[in-house]
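Here is a short tour of a protein model, written for someone who likes to know the cut-offs behind each term. Please have a look at the structure before reading on.

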Amino acid sequence: MPIDADKLAALEARAAALHPSAEERGELLTAVNERAEDYLTRLGTMPAYTTPDPADLALLDEPFGDEPAPLDPVLAAYARGVERPGVNETVGRFFGFIPGSGLYAAALGDYLAAVTNPYAGVTYASPGAVRMERRLLRWVADFIGYPESAAGDLTSGGSIAILSAIVTARQACAVRARDVERTAVYLTAQTHHCVDKALAIAGVGECVQRRIPLDARYRMDVAALEAQLAQDRADGLRPWLVVASAGTTDTGAVDPLPAIADVAERERLWLHVDGAYGAAFALTEDGRRRLAGMERVDSLVLDPHKGLFLPFGTGLVLVRDGEKLRQAYTYTANYMQDTGGFGEAMELSPAAASPELSRHFRALRLWLPLKLAGVDAFRAALEEKLLLARYFHARMTGLPGFEVGPEPDLSIVVFRYVPEEGDADAFNRRLAERIQADGRIYLSTTRLGGHNVLRLAILNVRTHRREVDLAVEVIRETAAALDARADASAPD
Ligand SMILES: *Cc1c(COP(=O)(O)O)cnc(C)c1O
């Protein structure tokens, strides 16, 4: 078949808009940078929550045109449609759920990573990208206290990291599909729901799932764990997995890891620790004390997009015996023969330690901030959050009408207001809604001990003492205003 040279040239010309010239790139970058700077300079006054305006969201429904669009309206649609509506996790006055942050240097890392686009799945393809990831995993393993045998993976988030750990555990414990119903795993009512999801996706959702009771501080009751294990063994079940939390999402409680590790070792169970929220605190001396025992567990998860302040999109899993992780994930294909296999230890391809093959080059967004700011800046920011939580707890404890939960293990404080009269649950719902709608700060609620409670989670990198003082002020004045109304529990 003759080649139609004219047609090829015409197609190349039509696709030219995909390749801006150096001059056009400069203009684009300037405009995007102006957008980013506008955002960053407004951070101090931006609401922590903005009720969505349907007109803003509708800007994003505009169909894609065949012709290139000018940049200004495109960026304006982004600003109105995406920057504004909903919660704003980047502001230091955000205390809801588990706060995100977004480090500027991480954004630059993402930019460079996308421009250079190294293939970060296989060592042969980009040995440098892989070396950088291994360096980061080793850095985390070192501050956790994991041995040289550990291996891990940078994932898209905590849920996927936990899935990876559960699949590794299932494989290492040789849990066969036909035996699943006779096996047992041990959780608590405070275990993050992504563990249930991971068990289901890993094909072991039909195992017996025991919820071990909690103590008064919402930590796993180890005596109850031992009793349940004994009962289950007597009943012919096969226990294989314990999931402990190093910082639960609701209250930040850290399960008694040394005692649980003793039980797991004695009973030959895989012990996984969910440190998606809390494990990064091990970078600090105080945190390492609070998280003692984490170095003994079989696998753990830490979310850099929470505790290391990265923009969303980065989780991390570590497995103490790295060989187990490799065994769970090493598969190969004929077309991969040029890559020389998946390597070993420090050269192990991410694809051989992960469900992914082609993947985002996630390392640079963490490597760059660590290099540019230095580790001590991270350590100080994390220690500050631990202290701020204690400070908030102390301030709330003195306020009339408030019932404050336990002194925080990490950086989450739970509390509620108990009005003189009326339904306390409805009151606290209204209180949270009022605070959220006000927008100066954002906090969220949960259910604990059958009650609605408010929770203040301190983890945003921009949260300092003045933001916490403002939170106390907003909470106090909103509760007082609401309590002064006879019909406080009725809608406005
Ligand atoms: C956030 C969180 C998860 C889930 O992590 P994602 O990154 O949101 O997928 C799991 N466990 C705990 C304790 C968490 O706080």
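Helices (H or I, at least four residues) and strands (E, at least two) are taken here as DSSP runs, numbered from the N terminus. With that in hand, threonine 123 can be placed in the loop between helix 5 and helix 6 (127–144).

A word on the ground rules. This is a predicted model, in which local features need pLDDT of at least 70 and side-chain atom pairs count only at pLDDT 80 or more, while totals for chains, interfaces and linings use all residues. Residues are numbered from 1 along each chain as its sequence is written, and side-chain values use heavy atoms, with hydrogens and water left out.

**A loop residue and a surface patch**

Is threonine 123 buried or exposed? Its relative accessibility is 11%, so threonine 123 counts as buried; the term means under 20% relative accessible area, with exposed meaning over 50% and partly exposed in between (1.4 Å probe, protein chains only). The C-alpha atoms of threonine 123 and alanine 10 are separated by 38 Å, and the two residues are 113 apart along the chain.

Leu29, Tyr111, Leu112 and Val115 together make a nonpolar surface patch of about 380 Å². Patches are made of residues with over 30% relative accessible area and no salt bridge; like charges are joined within 9 Å, and nonpolar side chains (Val, Leu, Ile, Met, Phe, Trp, Tyr) within 5 Å. The areas come from the Shrake-Rupley method with a 1.4 Å probe, and for residues only the protein chains shown count as cover. Helix 5 (residues 104–116) supplies the largest share of the nonpolar patch, 3 residues. Valine 115 lies in helix 5, and this valine counts as exposed because its relative accessibility is 57%.

**Salt bridges**

Side chains of opposite charge can pair when their charged atoms come close. The rule used here calls for a side-chain nitrogen of Lys or Arg within 4 Å of a carboxyl oxygen of Asp or Glu. By this rule the count comes to 38 salt bridges. Three of these pairs are set out below.

| Acidic residue | Basic residue | Closest N and O atoms |
|---|---|---|
| Aspartate 286 | Arginine 290 | 3.1 Å |
| Glutamate 407 | Arginine 390 | 3.8 Å |
| Aspartate 425 | Arginine 447 | 3.6 Å |

Aspartate 286 and arginine 290 both belong to helix 11 (residues 285–290), where they sit 4 residues apart, about one turn of the helix. Arginine 290 is partly exposed, at 26% relative accessibility.

Glutamate 407 is in the loop between strand 10 (402–404) and strand 11 (412–417), whereas arginine 390 is in helix 15 (residues 375–397), so this pair ties together parts that are 17 residues apart in sequence. Glutamate 407 counts as partly exposed at 39% relative accessibility, while arginine 390 counts as buried at 14%.

Aspartate 425 lies in helix 16 (residues 424–438) and arginine 447 in strand 12 (residues 444–448), so the pair ties together parts that are 22 residues apart in sequence. Here aspartate 425 is buried, with a relative accessible area of 16%, and arginine 447 is partly exposed, with 47%.

Some salt bridges also join up: Glu133, Asp153, Glu356, Arg359 and Arg362 are linked in a network.

**Helix packing**

How do helix 9 (residues 222–234) and helix 10 (residues 257–267) pack? Their axes are 10 Å apart, at an angle of about 20°. Axes are lines fitted to C-alpha atoms, for helices over the stretch in contact, and angles run from 0 to 180 degrees between N-to-C directions. Helix 9 and helix 10 are therefore roughly parallel to each other, a label for angles under 35 degrees (over 145 is roughly antiparallel, 65 to 115 roughly perpendicular and the rest oblique). Helix 9 passes helix 10 in a right-handed crossing, which is the case if the near helix is turned clockwise from the far one by less than a right angle, and left-handed if anticlockwise.

Helix 15, home of arginine 390, packs with helix 17 (residues 465–483) at an angle of about 25°, their axes 10 Å apart. These two helices are roughly parallel as well, and helix 15 passes helix 17 in a right-handed crossing.

**Positive phi values**

Most residues other than glycine have a negative phi. Phenylalanine 97 has a positive phi, near 45°; its place is in the loop between strand 2 (86–87) and helix 5, and phenylalanine 97 is partly exposed at 42%. Tyrosine 218 also has a positive phi, near 65°. Tyrosine 218 is found in the loop between strand 5 (208–212) and helix 9 and counts as partly exposed at 21% relative accessibility.
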